[in-house]
Structure formats: structure tokens, C-alpha cells
Amino acid sequence: MSYYKIENLEQYFKHYKKSVREPRKFWGKIAEENFVWYQAWDKVFEFDMEEARFEWFTNAKLNIVKNCIDRHLAKRGEKTAIIFEPNNPEEKEQRISYNDLYARVSKMANVLKDQGIKKGDRVCIYLPMIPELAISMLACARIGAIHSVIFAGFSSSAISKRITNSECKFVITSDGSFRGNKKIPLKPIIDEALLECESVEKVLVVNRAGIDIKMMEGRDLWLEPLLEQASPNHVAQVMDSEDPLFILYTSGSTGVPKGMVHTTAGYMVQTAYSFKNVFDYKENDIFWCTADCGWITGHSYIVYGPLLNGATTVLFEGVPSYPNPSRFWDIIDKYKVTQFYTAPTAIRALMTEDYSYVNSHDLSSLRVIGSVGEPINEEAWHWYNDHVGKKKCPIVDTWWQTETGSILISPLPFITPTKPTYATLPLPGIQAVLMDDKRNEIEENQIDGSLCIKFPWPSMARTIWGDHKRYKETYFSQFPGKYFTGDGALRDEVGYYRITGRADDVVIVSGHNLGTAPIEDAINEHPAVAESAVVGYKHDIKGNALYGYITLKMEGEYRDRENLKKEINQYISSHIGPIAKLDKIQFVEALPKTRSGKIMRRILRSIANGETKDFGDISTLINPEEIEKIITKTI
Ligand code: PRX
């Protein structure tokens, strides 16, 4: 019996039980039957929860790209692997077959090698959503270099922090990008970032936007001429299961971003398995995930998951509103997309548009529609179900994280009955539990708790680059022996999970995970600012938006408050990126603090949400009188 595909609810429960009782057999069989290996493993896994050390498929040898491309060539060489839909609908799409992809990835792999990249070197990829982005990721993995993709909306200072942290040797970027009706220069942002980075030896540049840019002699090289001369054949590097595949940075509760490290075999096995089951993938499907490869969703469900299954995956450069709000629906219709995977924030934005945009398109090719990144509210769920899925496509509300590598909790389409706002049941292998404040496991249903996972799974991140102590403390110390997700959740009467939101200082804005600490650090750099506290508040489209409470040290010089607000947002833009800008700024006399000097953000969060009646226990506050002032006035 194969465990790779779950066919019905009874089988789901059977596989789930097997995965808990005999995890070695369960994952061992999936790994053995569905992938190609140079050498088998000694042990399916070994771990030490206390030390946060995990190994999957110990000592096995493989290459993930051989599994994504080479092994499909005999049967699917002419099949389209990637459909590239450019930002401008007038520009022709590219259909890259598995044969073409093999040649393009091999050429890029040869260029990287010729230029001096070796196994284990880190390569930063800062590119828009163009084929070269996926090809660069795959080329790195093919030669054993570790890719670190940075979302092309991040600022130079955010980039230099990340490049310095992982000591990247190369950067792959483009002259610029197209987004809607804008042309955005990217290479100048890299130039500025690299003023602060010593590790980078070369910058390879894709010509995408035809922007006139400066090339630094000895460091910067145009990619096209190098690719033209490179051989279209490359023998994939033999990798160990636990060799790092990529680093991907995510926000944390301090200003230093966490470089989550994913390794080769476990990530491969579980992204492929989850893709197959959560999207009910079948051979001729056309899969479209609207995320950016700068985030984990793009890594796992635009690139690795689909290609590991020999699927056709759509890579879209643009935005949902350009040239008009029917762009998503046009693309679904144009390529006869069968699975569509997007974020609630996009759904909420499109919901506000005229119904005719969505209803005038033929969306009958769709079979499964998905949601990811933040809780999907009931109204958005119904709109998605009625207008996009036409009440016949199950919605898979998929819960997971950069750290988890692949989807952990989700309905299985046509198998798990869906329920609005519920991510429903954990996939086989995922031992989800809810914990109370006293660190006890909550056995009963219908109670809120902290969502933890009490047994390792193959695609979990193995460490934080260069800081294993932080990894251990962040994820394995609050609930000893368990992985703490940082999310709150509740379970309904049948055991379905509903994610209720972050339990820490991370705010999810338009599906982007933003730590408030680095934003506060950026604000505090402004000469007029004494102190700041940033919290999230509910927003109709973005899910959450950011509210900053700021005290000033140089009031007189900054009487023009509107201008000061603009300047503060510019500081945030240049330190992090425009995605972290504050929607609301309030200047206050003082921030509410506890006796030990900690800002009581809980109160500020309530005020930002307009909840000013009951603040609960405020006995530890040293300045309770400030609350009333914050509610009633701004300075
Ligand atoms: O709070 C959860 C929320 O997004 C967080 C992870 O963010 P990130 O690492 O950027 O990865 C996003 C894409 C996987 C989680 O801790 N989240 C993710 N999916 C859901 C969700 N919240 C509710 N429902 C979801 N389906």
C-alpha cells in the first residue's frame, strides 16, 4: 500500500494513525517509493527535542533538483514545467518545458560554478518574479550552494543585514522590475546594500527592465552573455540529506531577522507529499500559486512542491489589479488553471471590486482553491467560495510557517468537509497539540490555547543560521519538548483547528509577517523620536495594519506633524521596506509602562482597535493615568 496519496477520509485517519505509531515506516515508505536517491538512509530520523537537533533520512545522498527535473525528462520532457505570465498582459508568456528547464538550470549552474561558487557557499537572490528567479534557486541547489532569496520589496538596509548575516558570496539580481504600471530599479538598491557587505565577490545581473544602471568593474557581470556560452548539461552535485538547501529570513521579536535553515531530504519529501495531497494534484493539472518566491509559499508551492511532482506551475510577475482587477481571473481562464492558491488579503481586495470582474470569466477549469498566510475571515471565505469556486471547489485553508517548510494543517479537498475560518485537521505526521498557560496539554475541545507540535516532521527548519541558541529558545523552550508555533488556536467539537492569531510581537499585514521590534528600531533612528511602540490593529483589506505610538524628544523643531509622520514612514521604508510602513501614527506624551520598564503593548493594541472599555489587570502599570490621555488626545 502506498502512503503518498490519501484517497478518502477513512484512509486519512488510517494514514494519520500509522504516521503517529510508526513514523519511521510511514515516512520511510513515502521517501523510498517517490524519489530518486544516490544512496539510501541509515535511519529515517534521529532527534533530541531538548537540544533542538533533528536529522531526517540520516546519511542518505541525493540531489533535490535531480528529483525536480532530471527524473521527469524521459516521460515528461516536452511537458510544460513553468508558465511565465509577465506583468504586462501584452507581453507574450513563456512556456518552459522540463527539457528547457533542464538546459536553463544547467547553464545557470555552470555559470555559477565557473564564476567560483562551490558547494556550501551562500548565494543571495534578489529578483522579481521572472523565470530566472526559479532557475537561480534550482541552479544553486543543483551545485549544492545555499540560496537565500530576499523579497524584491526589501530595502537596501534590510538586504545588507541579511547578506551579512549569512555571508553571501554572490548576489543574483536584475536591473529592475515591472510591477503594475511601475518600473522599479533593483540593481541600485543592491549597490547601496553592498556598501555595507564585505562578503560579496560578484553580482550577476539579469536584464529585465532595460534600465540604465551602473556596473562595477570586477564585481558586476551581465548574466545573458555568460549563459549563452555555458553548457546546457550539468551533472547534479551529490548532497547529504542534511546539507542546507536554503536560508529564508523571517521576522522575530528582535531586530535581527531569523535566517531559517532548511535542509535537503526532509524538505523535499514533505513539500512533495503535501503538494500532492493538499491540492489533489493530478498529472494534467495547471497549478497556480500567486505568492512571491521571496516567501516560503513561493519556495514550496511555486518551485519545489510542483516540480517534484512533475507538475505545470504558473509564475506570475504582476499584481492582481493591473491592468484591471480581473487580472487573476483572466489568467485562470487563459491557462485553464485547475488549482488556485492565494492569500486572504488579495481576496479581500478583489471582493471590493465590481462582481462583473470575476463573474464575466470562465473559471470552470478550477477544481481546488486555497488560502494561506493569515486567517481568512468568514466574509472573504464565502466570497471566495461563491464567486471563485462557484460552490463546487473545496477551499483549502492551509496553515503553516516559514519554519515548518510545508503545509501542516489543512483540509484535503473532496475528503475533509470544510468549515469557514477553520484550517481543519493536521496532515499525517503532524502531532498538533494545544497548550494552556500552565504548560499542560489541553485535552478538551472548544478551548483556546498555544499551538504546538509535539513530534518532529521532515520539512521542519533545522536551525537559525549562525544562532542555534536562538532557535532553541524561540521554538523549543516555552513548552519544553515541543515546538511552539507562536500562534494561538482553538479546536472545535470535532477536533478542527482554527488559528486565532499570533501570540507574540509579530503582526501579519497583507499576509506579510512583520516583527514590530525592527520597525520600532527604524522609527527610533529619527532624531525627533524618543520612544515608540508599534502594534497591529484590525484592517478590512490587509487583515492587520500597523499603528505606531510615538513620544518625541524634539517637539519644537517638528511642529508640522503631518510632515513628521511622512518622515518617520520614510525611515521605515528605507530600513525595512514600504510593506512595513505605519497606517496610523499617534504622538503621545508617554507610553504605558510596567514597573520593570516594559511597554504594555496589550493596552496599546486595545486602544488601536477602538476597545477602550476594559483593560483587564493594569495593576503592574507605573503610569495608568497615561491610558486616558492616549485615548483622548494626541500631542
Ligand atoms: O500566524 C500564522 C499565519 O502566518 C504565520 C507564518 O507566517 P510566514 O512564516 O510568513 O508563512 C506564511 C506562509 C506559510 C503563522 O504563524 N498563517 C499562515 N497560514 C495561516 C495563518 N494564519 C491563519 N490561517 C492560515 N491558514
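Which residue takes a positive phi in the hairpin of β9 and β10? Gly 180 does, with a phi near 60°, and the hairpin has two residues between the strands. Before I go on, a reminder that what you see is a predicted model.

The two strands of that hairpin are β9, residues 176-179, and β10, residues 182-185. They pair in the antiparallel sense, over four bridges. To find the register, take Ser 177: its bridge partner in β10 is Ile 184.

Next, positive phi outside glycine. Most residues other than glycine have a negative phi, and most peptide bonds are trans. Ala 52 is not a glycine, yet its phi is positive, about 55°. You will find Ala 52 in the loop between β1, residues 43-48, and β2, residues 53-58. Is Ala 52 buried or exposed? Ala 52 counts as buried, because there are 22 C-beta neighbours inside 10 Å and the cut-off for buried is 20 or more.

Lys 390 is another case, with a positive phi of about 50°. Lys 390 sits in the loop between α15 and β20, just after the helix. Lys 390 has 13 C-beta neighbours inside 10 Å and therefore counts as partly exposed.

That brings me to α15 itself, residues 378-388. Which residues of this helix are buried? They are Ala 380, Trp 381, Tyr 384 and Val 388. These four cover an arc of only 105° around the axis, so they lie on the same side of α15. An α-helix has 3.6 residues a turn, so residues three or four places apart point the same way. On the other side of α15 we have Glu 378 and Asp 386, which are exposed. What do the buried residues of α15 pack against? The partners are helices α13, residues 344-351, and α14, residues 355-359, together with strands β19, residues 368-372, and β20.

While we are on the backbone, there is a cis peptide bond to point out. This bond joins Tyr 322 and Pro 323, with omega about -5°. Pro 323 lies in the loop between β17, residues 312-316, and α12, residues 327-335.

Now the ligand. There are 21 residues around the ligand, and those that come nearest are Pro 375, Gln 401, Thr 402, Ile 499 and Asn 513. Which elements give two or more residues to this shell? They are α11, residues 296-308, and the strands β20, residues 395-398, β24, residues 483-491, and β25, residues 497-502. Of the contributors, β24 gives the most, with three residues. By residue class, the shell divides into eight nonpolar, nine polar and four charged.

Strand β24 also has a place in a run of pairings. It pairs with β22 in the antiparallel sense, over five bridges. Within that pairing, Ser 450 stands opposite Gly 488 in β24. Strand β22, residues 448-453, also pairs with β21, residues 432-435, again in the antiparallel sense but over four bridges. There, Leu 434 has Leu 451 of β22 as its bridge partner.

Further along the chain is an open sheet of three strands, in the order β28-β29-β30, with mixed pairing. Its edge strands are β28, residues 529-539, and β30, residues 584-587, and each of these pairs on one side only. Neighbouring strands in the sheet are turned by 20° against each other on average, direction ignored. How many bridges join β28 to β29? There are 10, and the two strands run antiparallel, with β29 covering residues 543-552. As a marker for the register, Ser 532 stands opposite Ile 550 in β29.

Last, Ser 241. This residue is placed in the loop between β13, residues 239-240, and β14, residues 244-250. Why does Ser 241 count as buried? The reason is that it has 26 C-beta neighbours inside 10 Å. Leaving out residues up to four places away in sequence, Ser 241 touches a set of residues that includes Trp 41, Trp 56, Phe 57, Thr 58 and Asn 59. Thr 263, Thr 264 and Ala 265 are also among its contacts. As for Pro 188, the separation from Ser 241 is 53 residues in sequence and 37 Å in space, C-alpha to C-alpha.

Note on methods:
Residues numbered from 1 in each chain as written. Predicted model: local features only at pLDDT ≥ 70, side-chain atom pairs only at ≥ 80, totals over all residues. Pairing = 2+ DSSP bridges. Axes fitted to C-alpha atoms, helices over the stretch in contact; angles between N-to-C directions. Near = placed C-beta within 6 Å. Nonpolar A, V, L, I, M, F, W, Y, C, P; charged D, E, K, R; others polar. Buried ≥ 20, exposed ≤ 12 C-beta atoms within 10 Å, placed from the backbone. Arc of directions from axis to C-beta. Contact = placed C-beta atoms within 7 Å.
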